[in-house]
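Visitor: I am new to this structure and should be grateful for a close look at a single part of it. Would you kindly take the residues around the ligand, together with the positions annotated in UniProt, and describe them in one connected account?

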Amino acid sequence: MSTFKIKGGYQLRGELTPQGAKNEALQVVCAVLLTPEKVTLHNLPDIRDVNFLIDLLEELGVKVNRLGNGTVEFTSDEINLEYLQSEQFKTRAASLRGSVMIMGPLLSRFKKAYMPKPGGDKIGPRPLDTHFLGFSKLGATFSYDAKAGFYTLKADNLEGKYLLLDEPSVTGTANILMTAVMAKGKTTIYNAACEPYLQQLCLMLISMGAKITGVGSNLLNIEGVTELGGCTHTLLPDFIEIGSFIGLAAMTQSEITIKDCRIDMLGRIPETFRRLGIQVEIKGDNIFIPSQTKYEIQRMIDGSIPTIYDAPWPGFTPDLLSIILVTAIQASGTVLIHQKMFDSRLFFIDRLKDMGAQIILCDPHRATVIGINREYKLRATSMSSPDIRAGVALLIAALSAEGTSTISNIHQIDRGYQYIDKRLNAIGANIVRED
Ligand SMILES: CC(=O)N[C@H]1[C@@H](OP(=O)(O)OP(=O)(O)OC[C@H]2O[C@@H](n3ccc(=O)[nH]c3=O)[C@H](O)[C@@H]2O)O[C@H](CO)[C@@H](O)[C@@H]1O
Ligand SMILES: C=C(OP(=O)(O)O)C(=O)O
């Protein structure tokens with residue numbers, strides 16, 4: 001199992017360019033199944049989850065042409081649906097969350113789909129009910145073999161309907177949208193998720209010939225078409241990585257310029273880091289974080305302790321709460337972090353407490369961070385990465401700590417961050433990967 005050995009305490013200085021967005025990549029790679037024509041994707045991140053998904057598509061019969069530098073061509077003109085019954089498929093699909101989004105395109109184009117229970121971060125229950133309720137409303141029938149943990153979907157006729165989703169699930173909305181684009185007639189999806197990932201998926205589908213209005217809102221209207229064609233699509237920079245770099249810069253007193261951020265798509269992210277007192281300077285499309293000795297958590301207008309919590313977009317993304325939490329450790333002041341969506345995403349804070357952080361876990365969803373205001377540095381320790389974002393939060397803690405820390409299970413970090421050790425070492429970090 002690979003580990004990172006991190007010698008902490010260095011200030012970093014330089015430029016970082018964010019990778020293409022992981023969660024958008026998982027959506028748009030699945031969308032290539034909607035057409036037999038060629039689809040070219042630019043700015044795909046070279047990360048474990050995305051590469052696993054591309055391998056899965058290749059095994060399914062998709063012709064994949066990796067042109068380098070994040071550009072990949074896909075042609076889905078000879079799909080082997082029998083692969084979906086194989087053990088190889090079950091193992092592959094069960095290794096990541098994003099694989100669930102092949103169901104919508106398969107149903108749409110081939111009228112059937114199969115899926116084992118997907119993998120992804122173990123951060124609490126991750127129900128798929130929104131997906132299946134949506135498929136059913138559009139005319140599909142499904143069965144679930146609880147013993148094998150395997151879903152089977154069939155649909156002779158898919159017909160547009162009015163859908164009010166039980167929750168604005170990100171992957172659920174993507175799946176239902178990709179089913180509806182070729183269903184007969186009009187579909188309305190209300191309470192749709194509207195993260196930039198979905199906005200981008202909508203734009204890609206429109207460029208393939210889909211008829212969608214309401215992009216960017218929680219009310220999508222889709223007029224079904226009979227077929228979709230090829231397209232070229234460029235992914236957004238990964239805003240979770242951008243947020244991670246802001247937190248990293250603040251914790252390590254580093255001066256970092258984050259290049260080409262698509263500021264217009266960052267929602268509340270810059271403002272939420274500013275709430276911790278961090279200077280986040282927007283310079284054109286770059287973000288400049290100056291080296292800051294101190295940063296002070298902004299209280300509420302009445303002087304009370306602020307709460308930072310997650311919510312569906314345009315609320316603050318749950319995927320950055322672990323980063324906000326670790327960044328608050330060296331702030332002055334107190335903040336309550338409330339992770340509303342996931343049941344077990346905060347337990348990694350025990351490791352931060354071992355390092356000297358002042359944090360009280362109030363319950364599985366809430367933690368109070370009492371900033372130590374650089375009175376002392378965190379102590380190095382050995383830890384294991386439980387999920388992608390906690391893994392990077394631990395990496396940030398280790399980079400700010402005195403001494404050499406070890407993080408094992410770093411394939412969790414590799415699922416979502418491209419060559420993170422090399423990129424940070426290039427601006428002054430000291431991270432050694434041991435395989
Ligand atoms: C591959 C991918 O794209 N993964 C992302 C996607 O996962 P994913 O699409 O799996 O997450 P969902 O949006 O379905 O929901 C995540 C969790 O939040 C709960 N929930 C959701 C909406 C809501 O209003 N209230 C609520 O409590 C759900 O019950 C579920 O437990 O979206 C999550 C939420 O942004 C992100 O953390 C994941 O990184
Ligand atoms: C939770 C995440 O990923 P996944 O849904 O792929 O497990 C994430 O990207 O933070």
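Guide: Lysine 22 is a suitable place to begin: leaving out residues up to four places away in sequence, this lysine touches Pro45, Ile47, Asp49, Val50, Asp238 and Gly416. The model in view is a predicted one. Its chain has a mean pLDDT of 97, and 100% of the residues reach 70 or more. For the complex, the predictor gives an ipTM of 0.98 and a pTM of 0.97.

Lysine 22 belongs to helix 1. Because 25 other C-beta atoms lie within 10 Å, lysine 22 is buried. Asparagine 23 is also placed in helix 1. This asparagine counts as buried, because it has 24 C-beta neighbours inside 10 Å; the cut-off for that class is 20 or more. An unreviewed UniProt entry applies the annotation "binding site" to Lys22 and Asn23.

From asparagine 23 one may pass to the ligand. Ligand 1 is surrounded by 20 residues, and Asn23, Ser169, Val170, Thr171 and Met341 are the closest. Two helices, helix 1 (22-31) and helix 6 (170-180), each supply at least two residues of this shell. The helix that gives the most to the shell is helix 6, with three residues.

Met341, one of the closest residues to ligand 1, appears in the UniProt record as well. There the unreviewed entry lists Arg97, Asp319 and Met341 under "binding site". Methionine 341 is found in the loop that runs between strand 18 (334-338) and helix 11 (349-354). With 18 other C-beta atoms within 10 Å, methionine 341 is partly exposed. Its contacts, apart from neighbours within four places in sequence, are Asp310 and Pro318.

Aspartate 319, listed in the same UniProt annotation as Met341, occupies the loop between strand 17 (307-309) and helix 10 (321-328). Is aspartate 319 buried or exposed? Aspartate 319 is buried, because 25 other C-beta atoms lie within 10 Å. When neighbours within four places in sequence are set aside, aspartate 319 is in contact with Ile240 and Arg389.

A further annotation concerns another aspartate. Under "active site", the unreviewed UniProt entry covers Asp121. Aspartate 121 sits in the loop between strand 6 (112-116) and helix 5 (129-137). It is buried, because 21 other C-beta atoms lie within 10 Å. Its contacts, apart from neighbours within four places in sequence, are Asp387 and Ile388.

One sheet may complete the account. Four strands form an open sheet in the order 4-5-3-13, and their pairing is mixed. At its edges are strand 4 (63-68) and strand 13 (231-234), each of which pairs on one side only. On average, and with direction ignored, neighbouring strands of this sheet are turned by 15° against each other. Strand 3 (residues 38-42) and strand 13 run parallel and are joined by four bridges. Within this pair, leucine 41 has histidine 233 of strand 13 as its bridge partner.

Technical notes
Residues are numbered from 1 along each chain as its sequence is written. Chains are lettered from A and ligands numbered from 1 in the order in which they are written. This is a predicted model: local features need pLDDT of at least 70, side-chain atom pairs count only at pLDDT 80 or more; totals for chains, interfaces and linings use all residues. UniProt positions are given in the numbering used here, feature names are shortened, and annotations may be inferred rather than shown by experiment. A residue is buried if 20 or more other C-beta atoms lie within 10 Å of its own, exposed if 12 or fewer, and partly exposed in between; C-beta atoms are placed from the backbone. Two residues are in contact if their C-beta atoms, placed from the backbone, lie within 7 Å. pLDDT is the predictor's confidence in each residue, from 0 to 100. Two strands pair if DSSP finds at least two bridges between them. Axes are lines fitted to C-alpha atoms, for helices over the stretch in contact, and angles run from 0 to 180 degrees between N-to-C directions. A residue is near a molecule or strand if its C-beta atom, placed from the backbone, lies within 6 Å of it.
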